[in-house]
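Q: I should like to learn how to read a domain interface in a protein model. Where should one begin?

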Amino acid sequence: MSAHEPLVFSGMQPTGNLHLGNYLGAIRNWLKLQQQYRCIYCVVDMHAITVDHDPKALAQATREVTAAYIASGIDPKRSIIFNQSQVTAHAELAWIFNCVARVGWLNRMTQFKEKAGKNSEKMSVGLYTYPVLMAADILAYRATHVPVGDDQKQHVELARDIAQKFNNDFGVADFFPQPEPIITGPATRVMSLRDGTAKMSKSDASDNSRINLTDDADTIAQKFRKAKTDPLPLPEAEAELKARPEADNLISIYAAFAEKGKQAVLDEFKGAQFSTFKGALSELVVARLSPIAGEMRRLLGDPAEIDRILHKGAEQARAIAAPVMAEVRRVVGFVS
Ligand code: AQP
């Protein structure tokens, strides 16, 4: 049993428009957790520069992600919201963890392989060590729980390995906790609307592959209308979705928003054509997302207020990380 106080940490990259996958796979679970636990929700802008970026767009995206958190219901009075680059502990601990993690461990990270493709030699070193920075994000606060989508599970497991090796190498049993990934809900991996085997992603070149949180009702309806499907009507049993990734994805999105199981959705729509189902899906998604988009627009009308929230959150985050980092420096042998 770990003696560490429960603390939730998670983050999102300001790399573009947040989409349904980010919302269902992450933010919606964060809301539930903030009712029960102390939570830190970070806008991970240092992760965002691991790929080419435009500085002006980064600043704007950082404010947009912050607005999306708050508009979705993350309450800055209850949870800490800040952007990563304002707290230097992340970079400092990441360097120390770079010296703890092994090259072989990073070579196994599938997200780097997916993002780099055949161009791994041309990728930034930062993209390669991204999971080490993520371990530092979590452990600088000794966070115990990390709500993420399915795609980030391997990175949280790496954070566990790094924590354990640090504790062993420096003879400080249980100094860092073993953070647990929390992967829950009916849509832990929302897939692209153009390809049921690829995950919905901000960086997909096709905007039609994703529903952005800021898309208006017509755009959402049009994207669902164009979404790839197969020619068969909707099946009767959930098991039949296994071989039909596009149908499975759309049913999962509906189930997540309707807060029902996939079988319950099929009971309602079995035998229907996709055109009928897609209409109902659009209506449901628009009803859930339009209040969030409206609130985001309102918040973004006052960027100074967003910056104020980020400053205050950064101060609170620094206060938690400072004693951890003082101890880390001592344990590692740095004179200060
Ligand atoms: N398709 C998805 N389904 C479920 N959850 C998802 N998440 C991302 N995509 C899906 C979850 O959202 C959180 C934040 O992710 P991120 O912005 O840090 O980076 P990512 O996982 O790399 O997301 P993207 O959209 O694919 O961004 P780009 O294209 O910039 O790399 C995480 O909890 C993630 O699991």
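The following turns go from the domain division to the interface and its residues.

A: One begins with the division itself. This is a predicted model, and the protein is divided into domain 1 (7-182 + 303-332) and domain 2 (207-297).

Q: How many Å separate the centres of domain 1 and domain 2, and how many residues of each are in contact?

A: The centres, taken over C-alpha atoms, are 30 Å apart. Contact, meaning heavy atoms within 4.5 Å, involves 12 residues of domain 1 and 14 residues of domain 2.

Q: What area is buried between domain 1 and domain 2, and which residues of domain 1 lose the most?

A: Buried area is the accessible area that two parts lose on being put together. Here it is about 1,200 Å², with carbon and sulfur atoms giving 73%. On the side of domain 1, the residues that lose the most area to domain 2 are Leu20, Arg28 and Ala71, which together account for 41% of what that side buries.

Q: How many salt bridges and how many residue pairs in polar contact are found between domain 1 and domain 2?

A: The rule finds zero salt bridges across this interface. Three residue pairs are in polar contact, both residues being at pLDDT 80 or more.

Q: Which elements of domain 1 give two or more residues to the side that touches domain 2, and how do the residues of that side divide into nonpolar, polar and charged?

A: The elements are helix 1 (20-36) and helix 3 (55-72). Helix 3 gives the most, with five residues. The residues of that side of domain 1 comprise seven nonpolar, three polar and two charged.

How values were computed:
Residues numbered from 1 in each chain as written. Predicted model: local features only at pLDDT ≥ 70, side-chain atom pairs only at ≥ 80, totals over all residues. Heavy atoms only, no water. Domains from an automatic or database assignment. Buried area = accessible area lost by both parts, 1.4 Å probe. Salt bridge = Lys/Arg side-chain N within 4 Å of Asp/Glu carboxyl O. Polar contact = N/O pair within 3.5 Å; in protein donor to acceptor, adjacent residues only side chain to side chain. Helix = DSSP H or I, 4+ residues; strand = E, 2+ residues; numbered from the N terminus. Nonpolar A, V, L, I, M, F, W, Y, C, P; charged D, E, K, R; others polar.
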